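Me: I'd like to learn how the words used for a protein model follow from its numbers. Could you go through one with me?

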Amino acid sequence: MTEPFPAFPPDFLWGAASAAYQVEGAVDEDGRGRSVWDTFCAEPGRVEGGDTGAVAADHYHRFPEDIALLRDLGVGAYRFSIAWPRVVPDGAGAVNPAGLDFYDRLVDELCAAGIAPAATLFHWDTPQALEDAGGWLSRDTAARFAEYAAVVGDRLHDRVRMWMPLNEPVVVTMFGYALGQHAPGRELGFEALPTAHHQLLGHGLAVQALRAAGCSNIGIASNHSPVWAASDAEEDVAAADTYSTLVNWLFADPVLRGRYPAPELAALMPGPVVEDLKVISTPLDWFGINYYQPALVGAATGGSTPVVEGAMLPPGLPFEPRPIEGYPRTDFGWPVVPDGLRETVAMFTDRYGEALPPLYITESGCSYHDPDPVDGRVPDPDRVAYHDGHLRALARAMADGADVRGYFAWAATDNFEWAAGYRERFGLVHVDYATQTRTPKDSYHWYRDVIGRAR
């Protein structure tokens with residue numbers, strides 16, 4: 001017999017999330033500049049099926065319809081991202097008034113619907129002009145990011161209720177610069193580490209710029225997960241610890257502790273690292289965790305080159321990711337491990353203690369190759385089971401004492417899934433990309449019922 005769905009606090013924030021390049025489209029409209037993802041998508045073989053975000057879910061033109069769906073869903077907040085090249089087309093210099101006006105309208109529409117705007121400033125769409133000048137390998141990009149943050153903060157500070165300068169810096173570093181699976185498609189291996197430092201520096205500078213503009217309730221949306229050792233053998237445990245240091249603590253310790261997790265890593269970072277860390281650790285009001293799946297890691301075997309999500313890892317690494325068996329998988333091939341969310345929250349509360357600000361789950365979701373709508377219905381029982389299981393796991397973490405204030409389901413609608421194109425569908429709402437027709441899935445109705453009961 002299934003246990004009753006857990007009760008959440010009355011003020012728990014229920015949300016849904018998206019990202020600009022994944023949903024907006026309109027890449028050549030109203031003065032928007034080119035982003036690294038426009039360039040990446042135009043390179044043959046980079047994106048499955050040759051797909052691009054040129055139209056995506058056409059949210060740029062259809063946001064009133066999407067917000068009406070969010071209103072009917074009952075969410076208290078909508079997490080969206082602002083496209084840097086739409087606001088500052090070259091990443092620096094002239095501001096595009098039409099770009100700011102779009103986000104002005106979007107935020108006003110959300111407020112009118114009673115939905116708190118939750119804005120991410122950077123969800124991977126670096127202006128191409130900045131990438132041409134070095135991108136996140138250049139310290140200058142961090143300064144330009146702070147200038148952009150000040151522009152947006154000055155315009156929207158009175159209405160945006162949550163701010164996230166960065167989304168998942170680990171993904172930009174690992175998949176964008178180290179492995180080349182995401183834009184800008186560099187394959188630098190460990191030479192990509194400066195991009196981690198510069199993103200974190202940009203984050204700290206942006207937090208300061210937002211506060212100076214009158215913004216409040218500022219956090220970050222950072223991807224984290226448990227890292228399991230492949231066995232109890234000393235070499236496997238050490239390999240898992242090294243991997244966790246690189247994917248978890250390299251991106252959380254500087255923000256929450258003001259230092260890198262290992263002296264060896266600090267020594268690899270560019271610039272005046274000690275002074276930069278004072279900026280990077282500018283206090284936050286909350287910390288956002290994006291969770292999807294754990295990692296299983298063992299010592300390098302010296303055999304075939306290991307692969308992470310389709311990307312070949314560089315040779316000579318002291319660890320090797322292994323497949324996780326014994327759990328159901330999404331159609332994207334990711335293991336579904338709800339208790340990994342509880343474990344992630346627990347490892348943060350254990351590691352940081354009283355220094356940890358309140359937590360939000362700023363993303364969690366799953367891709368299934370849903371059927372086309374029939375009579376206005378899209379059955380997606382596996383997605384319902386995913387969110388049900390993860391919310392139950394989150395409730396266990398909260399019962400153990402974790403201060404978690406909200407959960408944002410990824411994603412509000414189906415969208416462009418980066419290098420996987422349009423094959424993968426994460427949305428609570430089905431999008432027919434040929435007609436742009438929206439159809440709420442069963443998971444949408446389930447989530448609406450969860451939110452309604454919580455109230």
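Me: What makes up the accessible surface of the protein chain, and how much belongs to carbon and sulfur atoms?

Reply: Happy to help! In this predicted model, the accessible surface of the protein chain is about 16,900 Å², and carbon and sulfur atoms account for 51% of that.

Me: What makes the protein chain as compact as a globular protein of its length?

Reply: Start with the elements: there are 15 helices and 15 strands. The radius of gyration is 21 Å, and the globule rule gives 23 Å for 455 residues; the two are close, so the chain is as compact as a globular protein of that length.

Me: How many of the 455 residues count as buried?

Reply: The share is 61%, where buried means under 20% relative accessible area.

Me: Why is Ser 216 called partly exposed?

Reply: Its relative accessibility is 47%. Buried would need a value under 20% and exposed one over 50%. Since 47% falls in between, Ser 216 counts as partly exposed.

Me: Where does Ser 216 lie?

Reply: You'll find Ser 216 in the loop between helix H9 (193–212) and strand S5 (221–223).

Me: How do you know which residues Ser 216 touches, leaving out those up to four places away in sequence?

Reply: The test for contact is heavy atoms within 4.5 Å. On that basis, Ser 216 touches Arg 161, Trp 163 and Asp 285.

Me: And how far apart are the C-alpha atoms of Ser 216 and Ser 281?

Reply: They are separated by 16 Å, with the two positions 65 residues apart along the chain counted as the step from one to the other.

Notes:
Residues are numbered from 1 along each chain as its sequence is written. This is a predicted model: local features need pLDDT of at least 70, side-chain atom pairs count only at pLDDT 80 or more; totals for chains, interfaces and linings use all residues. Side-chain values use heavy atoms; hydrogens and water are left out. Helices (H or I, at least four residues) and strands (E, at least two) are DSSP runs, numbered from the N terminus. The radius of gyration is taken over C-alpha atoms; the globule rule is 2.2 Å times the number of residues to the power 0.38. Buried means under 20% relative accessible area, exposed over 50%, partly exposed in between (1.4 Å probe, protein chains only). Accessible areas come from the Shrake-Rupley method with a 1.4 Å probe; for residues, only the protein chains shown count as cover.
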